[in-house]
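User: Please take a close look at the nonpolar interior of this protein. I would like the main core described, and then the parts that can be set beside it.

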Amino acid sequence: MDDPEDLSEIFAQVQGVDKRIYSLIIQMQEKQNTRDWMGFLSDYENLRHLEEQISQKEDSTQEEKEQRMDVMRNNIKLILNVIVKIKDHDFNKQDYSDQRYFAQRQDLIKRIREQNEIIGFVKFLVNLTAYDENLIQCGSNSLNLLVNMKVDIRNQNFENIRIKNTSLFGANFFRCNLSGSQLDNVDINGMNLNGALLLNCRWTNVKKQGEINKLDGHTDSVKSVCFSPDGNILASGSEDDSICLWDVKKGQQKIKFDGHSSLVHSVCFSPDGTLLASGSYEIIGLWDVKKGQQTKILKGHGDRVQSVCFSPDGTKLASGSKDTSIQLWDVKTGQQKKILNGHRKTVQSVCFSPDGIILASGSEDNSIRLWDVMTGQQKAKLDAHKNSVKSVCFSPDGITLASGGWDKFIRLWDVKTRKKKVQLNVDSQYVQSVCFSPDGTTLASGSYDKYIRLWDVKTGFQKTILDGHTQSVLSVCFSPDGSALASGSCDRSIRLWDVQTGFQKTELDGHNAPVWLACFSPDGTILASGSNDKSIRLWDVKTGQQKAKLDGHTHSVLSVCFSPDGCSLASGSLDNSIRFWDVKTGQQKFQLYGHSSQVTSVFFSPDGTILASGSWDNSIRLWDVMTGQQKFQLYGHSSYVTSVFFSPDGTILASGSYDKSIRLWNVKTGQEKAKFYGHSNVYSVCFSPDSTTLACGSEDNSIRLWDVKTGQLMSQLDGHRYSVYSVCFSPDGTTLASGSMDSSIRLWDVTTGYQKSQFDGYTYQVLPVCFSSDYTTLAFDSGDKSTCLWDVRIGQQKTQLDGHSILVNSVCFSPDGTILASSRPDKSIRLWNVQTGLQVTKLDGHSATVWSLCFSPNGNILASGSTDKSIRLWDVKTGQQQAKLDGHSGYVYSVCFSPDGTTLASGSEDNSIRFWNVKTGQQKAKLDGHSSYVYSVCFSPDGTTLASGSWDKSIRLWNVKTGLQKIKLDGHSSQVNSVCFSPDGTILASGRADKSIRLWDVKTGQQKNKLDGHRNSVISVYFSPDGTTLASGSSDNSIRIWDVKTGQQKIKLDVHKNSVNSVCFSPDGTTLASGSSDNSIRLWNVKTGLQKTKFDGHSSFVLSICFSPNGTTLAQSNSDNSIRFWEGKTGQEIQSQDKNYKDILNYSKTLLIENSPLPGTTYLNILLISQQSIFQAQDALVLKSEFVNKLGINLQTLFKQKGSCIFESQLDSKLK
């Protein structure tokens, strides 16, 4: 493998190349379609043609053109030289997504991540795969790099690209044109194809993890599924009285047998695949698979037939029934051969051994019986299950028998000795079905808890859980080659699963009860979690995949701790025990008993030789890790011990208790050294890395820092609203993390005691928090059963982006006009792409209505104020919450950035104004003076003055630097609705419910003018860009335009038939927009007062309108829950501008409306951030395409189920 530095140096050579060249080369190739595109580019005339295309809109002299031509030749020469080098590099020969190249790939990403010119070249390599087959692998690796670097590749044209031997896991191809694309041996897990164009695609051998297909057709629960011997057909029996045969590869129904008059409990193929047997009420049906006809009806049972099974040679059929009997039938004649009696209750399952000599049966009498097929005599009775045995299955070699029952256990039996070999605890709900893989190494089980579990037969460990069904799983069956698993469920569906790739799920949601705690391994690669579900789970921090599930405790797991070398894990439980686990194998090493009540905390000494445990028996115990013997028992606390923690040097042990004390113990002697009082019940203690400081969290909502040497209280950190459950120092000791019952996590500066940041948005209390060893990641668990990982450096929270469902409260453009922010009473903020009309991000975090939004001057940050009394700062690019600013004790009605973007002002229901440092999130100043709600705040253009309008009927001007009130403007006889500075900052306009508009001299505070004319409340005021004109909208249904200098009304516009809620000038000042409760938007010529355009089509009130800074687009929000965009000059509503869609929409617009797979869907997920990798393809347009996985199964059915529009028949006729 080549040195990755060589590759990065090769890429670096394209820096300085005009990026327009890449797109022009692709356009040229589309037109010329030359095989030797590199030779074509070497031709002087072709180069001149390219140069003309680049400079066609530029005025320049002949000399300048020649200079550009020289630059063009050099650029082309450089591009060709780089491509020649890459052709001979491993990058064009090997799969760089393979684990072997992990280090090289990460190093390359690190070097080029921020290099936009190199990224442009990497995109170029991807597009070249459509024209040069010699560059397919380097183009494939390039696309993998773009995906891993999180480069935005949405809404782009990838027509005819050829990609092979790589991973596109998590690729976001939202609204991309992938028509004509060819994918071979590519991982498509977690891919977002929402709105993508997929015409004439050929995807083969693609890797799709987990569920492959969902087969819908039955109208009631699917009771049984069975593969044909060749694996091409799947049979299913249902409570809807029918049997269906399915084409496995196509995922389509082949035939439906409607012959039974009652529900079908069981189906089974004959060994040669020509016959299908089905069991129903009192009868068994034999069906000719090829003809689809019933050939025989076998009668003999006195009640419903629960199970049928062919003998390996196909000559016999066994059936088990509710009448407690088993019957053997001659398949050829249909005659009954034997009746096997012995069970006392319903026979739920029958299965022949591979050699056909033994028949096994499971019954509701809790027993399994083995029968001699030749004589019909019972050979053995296996008793162990404590409830009904629902399923029995022989291993392929006939040595082992598996049984699943309603006692929630799966048991493996040695057929020869009749002894139980292994017992597998499903730990949740009844086991309905079990099935061995063809090679006998894996056992699948289906359960009432909706899950399918795969077990390693040799070790007895659970390998994975397959999650997808929404109701109980009734039947599971492996395909003959073992690569696929079929399952039938009460949710009426059959699902096919890829067994090979489905072993691990990318999610941290595995526990089925609240998760109490999480702990990183010393190297930070593994996270352990303990839960009320009695289990411990080990997670791969990098991939998010569950590595192992450790079962053994008989009650909730309350504490886990890794040994310093990371090889062992200790756990404490409500079952009063401590257990040691081997992290590598997942095996329990030994168990420690001694405590007489629940073990709440366990902690290893730094050298790993001692384990400390704290318990509700009020004691602390020290254990010898090597021998498992108790060394000391420490008594002193008079109530529950909640937390224990060793000092970094291992000489001191700290403990916290419900007796409101913290105690320090000498580890060597077991003697108490010191006792600290001050808290109420102490929940958590933690030493700083240098052992000088002890932090503790308490029921009194506070965190306290203590000097270990003197025992003195150093500082108290207040902020949490409820009990602090967990505290943890960062590895460098500068930051303390705390988790609380108030559902928040807070990071504190240990030196100053100030809160650095806060992570909110959780619906349950935050339980233990834990830093990774490099301080970049914080893990915590919540009572909502989930485990979450946070990036500490940027404080980013994971979220899901949805579409609005209720009113829009507020809209705000970014300074460059490309993004629109909106807020609604659903407590969310959403960011929208103005050009395409598509939602970019949904910002969730506020717990109540968002009243106000404001972009920072550079457009990178969005501030929001809410009824939840908080202000939040959001990263516009990523959609992540940067900070939460707490301080106001009432609703936050208004937020505004200073012109330099360093300060944020907020006005609140608590009558105060606050200034915030945008960088640190700290409050800079609090301005008091208003005696009622502060409804509006606005910075002057120079940033030195802040204006505030209040319900106390006053306007106040504040000195931003000192925080002192400069002037109070009185004059309004009712609350102030709106304030607005003139562009030069010398005049302030205000409008309110007293029907008046007032103009104020900002310098003197004197009222310059009062503009009367409106007959009702003035709702909105807005200055023209040159400051000479003021527009106002009112509840009297009119718009008025005023001369600012004279105060005279210039124009009155009476056309709206209801309140005018919003007015806004275009940036050039020639057009005024108005939005009204009459459901319309109108554009007016400011000079003549004539209406230019009316935007109709609204079904509800227009609440707010706003021009983009360039004046080309008008945004509006209205009470029908929508935001719309309009072309500012023509008045035409702007729809999606993606050119990729133009051709297809010409044919399919009507079909999209009439045949939408998700009626009423308005918004698509541009980005879905989830703990689980989720494949998305909603509203993707598919025509004449194949998507085939490694099993030969066409995934087009999966695309359809994900919401894609399949236009095979309708659109085909249109195109003709």
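Analyst: The model is predicted. Its largest nonpolar core holds 80 residues, and F121, F173, L193, L198 and W203 are the ones with the most contacts inside it. Helix α7, which spans residues 116-128, supplies the largest share of this core, with 8 residues. In soluble globular proteins, nonpolar side chains tend to be buried together.

W203 shows what one of these residues meets. Not counting residues up to four places away in sequence, W203 touches S181, Q182, L183, I188, M191, L193 and L198. The list for W203 also includes E1186, F1187, V1188 and F1199, which carry much higher numbers in the sequence. Two of its partners, L193 and L198, are themselves named among the residues with the most contacts inside the core.

Apart from this core lies another, of 14 residues. Among its members are I358, I368, L382 and V392.

Burial can also be followed along a single helix. In helix α6, residues 102-112, the buried residues are Q104, R105, L108, I109 and I112. These cover an arc of only 130° around the axis, which means that they sit on the same side of α6. An α-helix has 3.6 residues a turn, so residues three or four places apart point the same way. On the other side of α6, A103 and K110 are exposed.

A buried residue may also lie in a loop. H265 is found in the loop between β9 (252-257) and β10 (266-269). Its relative accessible area is 10%, and H265 therefore counts as buried, the limit being under 20%. The side chains of H265 and Q306 are joined by a polar contact of 3.4 Å. With neighbours within four places in sequence left aside, the contacts of H265 are K223, S224, G279, R304, V305 and Q306.

Last comes a sheet. Four strands form an open sheet in the order β44-β45-β46-β47, and their pairing is antiparallel. At its edges are β44 (641-646) and β47 (672-677), each of which pairs on one side only. On average, and with direction ignored, neighbouring strands of this sheet are turned by 20° against each other. Strand β46, residues 661-666, runs antiparallel to β47 and is joined to it by 5 bridges. Opposite I662 stands F676 in β47.

Conventions. Residues are numbered from 1 along each chain as its sequence is written. This is a predicted model: local features need pLDDT of at least 70, side-chain atom pairs count only at pLDDT 80 or more; totals for chains, interfaces and linings use all residues. Side-chain values use heavy atoms; hydrogens and water are left out. Buried means under 20% relative accessible area, exposed over 50%, partly exposed in between (1.4 Å probe, protein chains only). Helices (H or I, at least four residues) and strands (E, at least two) are DSSP runs, numbered from the N terminus. The arc is that of the directions from the helix axis to the C-beta atoms. A nonpolar core is a set of buried Ala, Val, Leu, Ile, Met, Phe, Trp, Tyr and Cys residues joined through side-chain atoms within 4.5 Å. Contact means heavy atoms within 4.5 Å. Two strands pair if DSSP finds at least two bridges between them. Axes are lines fitted to C-alpha atoms, for helices over the stretch in contact, and angles run from 0 to 180 degrees between N-to-C directions. A polar contact is a pair of N or O atoms within 3.5 Å; within protein, one must be able to donate a hydrogen and the other to accept it, and residues adjacent in sequence count only if both atoms are side-chain atoms.
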